[in-house]
Amino acid sequence: MENLAYYNGRISLIDEMMIPMNDRVCYFGDGVYEATMVNNHHIFALQDHLDRLYNSAGLVRIQIPYTKEELGQLLKELVLKVDAPEQMLYWQVTRGTAPRNHIFPKGDVKANLWVTIKPMKVKPQDQLLKLTDMEDTRFFHCNIKTLNLMINCMAAEKAEELGCDECVFHRGEVVTECAHSNISIFKDGVFITHPTDHLILPGITRKHMIDICKAHGIPVDETPFTMKQLMEADEILVSSATQLCRRAGSLNGQPVGGKAPELVKLLQDAYMKKFLEETA
């Protein structure tokens, strides 16, 4: 298939899939999701993403009607149906289909599983990103990967209109994350990244980057940093499942980073090696 859509056992092309209007995602964005890259029809970091999905679902009291093993096996089977070996795999679980009501549906209403798969290549790791910023006005459950992403969309649109690649969120002067990425810095040889509290998504790529740093003897500091520290950082790194680990070259039109290229190269090379080995 050119691409694939899956909804509760039905499979079609993405543009042909029909979804019930009473799926609670339509009214409330009532669900959780995950996304990762596929290479050679192998899903990267699948177990990490399944673990986070089930954690997010538990925090909002959605009962996923599959075990992790069952869902993982289904995803492995679905990626084989798309012709292109390099893909972006996205899946979400919504609370179910029921008449609109703010209260959770009762009885035997089961969660709905959506999956989309489309051809996509990992973005070049050596291209510098342009960043802008905006105040983080989202709610206080950013650690849950829910479908409530309107403010993230507004931030992404601001970046697009300014000719930037990503928008940095901050609460006052404290940097949290980006519209659809985590953000970390190198300063004086130390990898600094916001702690995994309720203000950021616990990124899978962020987690892997920390592991790589520790394996190579690079100190890791999981403490909040400010916009001033961001501007003065030796390097700024933006990370996500679809773009892996990329370096920023400007923030609001001002040059940033570029002072520790050897650390960036070490991290990017090690991460790409991990990606290729796991999807060989």
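Asp136, Arg138, Arg171 and Glu177 are linked in a network of salt bridges. The model that shows this network is predicted. Across the whole structure, a search finds 15 salt bridges. The protein holds seven helices and 15 strands. Half of the picture is interior: buried residues make up 50% of the 280 residues.

**Overall dimensions**

- The radius of gyration is 19 Å, which agrees with the value near 19 Å for a compact globule of 280 residues.
- Taken along the principal axes, the C-alpha atoms fill a box of roughly 55 × 40 × 35 Å.
- Leu230 and Arg95 sit 135 residues apart along the chain, and their C-alpha atoms are separated by 38 Å.
- Leu230 belongs to helix H6, residues 227-232.
- Its relative accessible area is 0%, so Leu230 is buried.

**Salt bridge between helices H5 and H2**

- Lys207 pairs with Asp48 in a salt bridge, with the closest N and O atoms 3.4 Å apart.
- This pair links distant parts of the chain: Lys207 is in helix H5 (residues 204-215), Asp48 is in helix H2 (residues 46-59), and their positions lie 159 residues apart in sequence.
- Lys207 has a relative accessible area of 38%, so Lys207 counts as partly exposed.

**Salt bridge between helix H5 and a loop**

- Glu222 forms a salt bridge with Arg206, and the closest N and O atoms are 2.7 Å apart.
- Glu222 lies in the loop between strand S12 (220-221) and H6, while Arg206 is in helix H5, so the pair ties together parts that are 16 residues apart in sequence.
- The two partners are covered to unlike degrees: Glu222 is partly exposed at 35% relative accessibility, whereas Arg206 is buried at 4%.

**Salt bridge inside helix H6**

- Lys228 and Glu232 form a salt bridge whose closest N and O atoms are 2.9 Å apart.
- Both residues are in helix H6, and because they are four residues apart, about one helical turn separates them.
- Lys228 is exposed, at 54% relative accessibility.
- Glu232 is partly exposed, with a relative accessible area of 39%.

**Negative surface patch**

- Glu2, Asp15, Glu16 and Asp83 form a negative surface patch.
- Glu16 is located in the loop between strand S2 (10-12) and helix H1 (24-28).
- Exposed means over 50% relative accessible area, and Glu16 meets this with 52%.

**Positive phi outside glycine**

- His41 is not a glycine, yet has a positive phi of about 60 degrees.
- The loop between strand S3 (31-39) and strand S4 (42-43) contains His41.
- His41 is partly exposed, with a relative accessible area of 23%.
- Asn252 also has a positive phi, near 55 degrees, in a residue other than glycine.
- Asn252 is found in the loop between strand S14 (244-251) and strand S15 (254-255).
- At 41% relative accessibility, Asn252 counts as partly exposed.

Technical notes: Residues are numbered from 1 along each chain as its sequence is written. This is a predicted model: local features need pLDDT of at least 70, side-chain atom pairs count only at pLDDT 80 or more; totals for chains, interfaces and linings use all residues. Side-chain values use heavy atoms; hydrogens and water are left out. Patches are made of residues with over 30% relative accessible area and no salt bridge: like charges are joined within 9 Å, nonpolar side chains (Val, Leu, Ile, Met, Phe, Trp, Tyr) within 5 Å. Accessible areas come from the Shrake-Rupley method with a 1.4 Å probe; for residues, only the protein chains shown count as cover. A salt bridge is a side-chain nitrogen of Lys or Arg within 4 Å of a carboxyl oxygen of Asp or Glu. Lys and Arg count as positive and Asp and Glu as negative; His and the chain ends are not counted. The place of a charge is taken as NZ of Lys, CZ of Arg, CG of Asp or CD of Glu. Helices (H or I, at least four residues) and strands (E, at least two) are DSSP runs, numbered from the N terminus. Buried means under 20% relative accessible area, exposed over 50%, partly exposed in between (1.4 Å probe, protein chains only). The radius of gyration is taken over C-alpha atoms; the globule rule is 2.2 Å times the number of residues to the power 0.38.
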